[in-house]
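Here is a set of short questions and answers for a first look at this protein. Keep the view open as you read.

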Amino acid sequence: MTHRGRHRRQKRGRALRGVLAGTALALTAAATIVSASQAVSSDNPGPLKSVTSAAELKDFQLKEHLASKSSLDRLATSMGGTVGVSTVLEHTNRTMRGAAECAPTETGALPVAPTATRAYCWDDADAASQRWLPQSVTTSGDADEDGRWGANRVILSGWTHNDAKPGEPEVSRGLARVAVIDANNLSDMTYRWVLLVVPTEDGSDYRRLASSISGMVWYQDKLLVTASATDTDRKSLYVYDMNRIQRASVDSPAVGRVPGGWSAHGYGYVMPAVASYSLTGGTCDPAADDRTPCFGSLSLDRSSTPDSLVASESFRAGDDRRSRLWRYSFSRAGDRSGLLAANAMGRVNAVEAYSTKATGIQGVLSYRSAGDEKADWYVGLAPRAKDRHGTLWRLDADGAKAARCGSDEQSRRCWGERAESLSHWEGTGEVWSLTESAADERSGWRGTPVPERVLYAVPLSSITGSLK
């Protein structure tokens with residue numbers, strides 16, 4: 001593809017040190033055995049029901065808002081110019097721990113069936129923090145067909161700051177950051193944080209992105225992230241340009257212009273949003289049954305024509321309403337790289353949508369195998385109150401299937417513990433996900449923190465082979 005050629009001309013920084021192909025990891029027994037009490041039966045969400053009426057499909061319509069290039073350039077110039085992903089990778093300052101270095105509580109959060117073939121734990125400070133929640137993952141396998149961004153293989157993980165105090169519900173989101181992970185050598189992965197911000201209209205300053213980023217997709221040179229209803233501008237998606245990473249010059253808790261330069265809450269790099277999308281039907285409310293969808297998880301589907309962004313609906317915890325799944329096509333126009341396909345009025349229409357009885361969706365994936373008429377949809381469901389592990393279901397028009405595990409033959413609580421978004425690296429055939437837990441949430445954040453945060457990969461072939 002022509003876009004890939006342009007990316008290759010952006011090569012700089014370290015040379016490629018390794019490939020993602022590798023053998024399965026020997027993970028601890030805690031990740032492969034679950035008692036019947038921890039793996040109880042889950043309700044089958046049944047088949048997908050296609051949404052076909054024009055009125056219902058219009059619920060998903062978006063309005064595109066592009067930031068002024070002159071304003072973005074003004075901000076970049078004021079901050080000393082822009083840098084690329086390779087610059088961030090050259091200055092990584094945190095180390096991922098391999099599976100052998102993970103604690104049993106961490107590997108215990110991995111899927112029971114199918115088992116992960118790659119697993120990594122975060123730097124100790126990030127693994128134990130109760131204020132930051134890992135929620136989304138995407139890779140350079142999404143960004144480009146060859147799996148590289150320039151010369152590098154990269155994994156991005158989106159984290160949201162939780163302003164709630166211990167014992168309080170997670171109702172306030174304060175900051176959003178992205179871990180830029182050097183995945184050139186899978187035996188020695190390092191990363192650095194980049195803060196996501198929103199520039200002012202005139203480009204004279206920027207503010208924090210005060211939102212949960214439960215979904216994130218890196219496509220071509222753009223990074224699309226979900227925005228919650230708590231965000232100041234009431235947007236549904238924000239768009240970032242991977243070529244517009246900028247350096248902060250002042251180390252302080254502030255976000256934006258400060259005396260002496262620019263601050264990013266102590267981080268060395270920021271990315272200002274270059275575009276956003278809002279629902280034409282109004283701001284979503286996760287507590288209202290008004291048909292206006294709240295974005296939950298996102299992923300990229302390269303098996304569709306054209307490539308598409310798929311999304312799942314988010315409700316408040318415990319809500320048992322039927323969730324919807326839908327997709328938008330990406331633009332094919334050369335001057336709109338990484339943006340969704342919009343009409344002359346800047347409207348983006350969903351090209352496909354379904355409803356399902358699945359509730360508590362925390363990850364979504366769509367993939368059509370060669371020769372199949374339609375795509376299969378995969379959804380990761382959160383565990384119920386008395387469970388630890390969730391369920392990964394494959395849905396289609398005929399029904400739903402999931403792996404079984406444990407002594408209970410009907411148990412389908414086999415996926416990761418509090419597992420979040422899904423990302424399919426098509427070139428390697430792996431599905432990447434991550435677990436969110438960082439403390440004993442079942443006790444309301446009280447007591448000794450129990451780190452259970454793991455970034456992991458499972459071959460898609462293993463997932464399909466485990467379905468029963």
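Q: In what order do the strands of the open sheet of four strands run?
A: This model is predicted. Pairing within the sheet is antiparallel. Neighbouring strands are turned by 25° against each other on average, direction ignored. The order is β23-β24-β25-β26.

Q: Which strands sit at the edges of this sheet?
A: An edge strand pairs on one side only. Two strands fit that description, and one of them spans residues 399-402. The edge strands are β23 and β26.

Q: How many bridges join β25 to β26?
A: Strand β25 covers residues 391-396. The two strands run antiparallel, and Asp396 has Gly399 of β26 as its bridge partner. The number of bridges joining β25 to β26 is four.

Q: Which residue in β24 is the bridge partner of Leu365?
A: Strand β24 holds residues 376-381. It pairs with β23 in the antiparallel sense over six bridges. The partner of Leu365 in β24 is Tyr378.

Q: Why is β23 described as largely enclosed by the rest of the structure?
A: Buried means under 20% relative accessible area. Strand β23 has seven residues. It is largely enclosed because the number of them that are buried is six.

Q: How much space lies in the largest cavity?
A: The structure holds four cavities of 30 Å³ or more. The lining of the largest one includes Gly141, Arg302, Tyr367 and His424. The space in this largest cavity is about 60 Å³.

Q: Which element gives the largest share of the lining of the largest cavity?
A: Three elements give two or more residues to this lining: α7 (140-143), β18 (295-301) and β23 (361-367). Leu365, Ser366 and Tyr367 are among the lining residues. The largest share is three residues, and it comes from β23.

Q: How many residues of the lining of the largest cavity are charged?
A: Asp142, Asp301, Arg302 and Glu426 are among the lining residues. Three residues of the lining are nonpolar and three are polar. The number of charged residues is four.

Q: Is Ser423 buried or exposed?
A: Ser423 lies in strand β27, residues 423-425. Its contacts beyond four places in sequence include Val137, Asp142, Leu365 and Trp432. Its relative accessibility is 2%, so Ser423 counts as buried.

Q: What separation do the C-alpha atoms of Ser423 and Leu365 have?
A: The two residues are 58 residues apart along the chain. Leu365 is nevertheless among the contacts of Ser423. Their C-alpha atoms are separated by 7.0 Å.

Q: In the hairpin of β15 and β16, which residue takes a positive phi?
A: Strands β15 (residues 255-258) and β16 (residues 261-264) pair in the antiparallel sense over four bridges. Val258 stands opposite Gly261. Two residues lie between the strands. The residue with a positive phi, near 95°, is Gly260.

Q: Where does Ser204 lie?
A: Leaving aside neighbours within four places in sequence, Ser204 is in contact with Arg74, Arg257 and Trp262. Ser204 and Ser78 are 126 residues apart in sequence, yet 8.2 Å apart in space, C-alpha to C-alpha. Ser204 lies in the loop between β9 (190-199) and β10 (206-208).

Terms used
Residues are numbered from 1 along each chain as its sequence is written. This is a predicted model: local features need pLDDT of at least 70, side-chain atom pairs count only at pLDDT 80 or more; totals for chains, interfaces and linings use all residues. Side-chain values use heavy atoms; hydrogens and water are left out. On a 1 Å grid over the protein atoms alone, a cavity is a set of points where a 1.4 Å probe fits but cannot get out, and a pocket is an open set with protein on both sides within 12 Å along at least five of seven lines; lining residues have an atom within 4 Å of a point. Grid points are joined across faces, edges and corners, and a volume is the space filled by probe spheres set on the points. Ala, Val, Leu, Ile, Met, Phe, Trp, Tyr, Cys and Pro count as nonpolar, Asp, Glu, Lys and Arg as charged, and the others, Gly among them, as polar. Two strands pair if DSSP finds at least two bridges between them. Axes are lines fitted to C-alpha atoms, for helices over the stretch in contact, and angles run from 0 to 180 degrees between N-to-C directions. Buried means under 20% relative accessible area, exposed over 50%, partly exposed in between (1.4 Å probe, protein chains only). Contact means heavy atoms within 4.5 Å.
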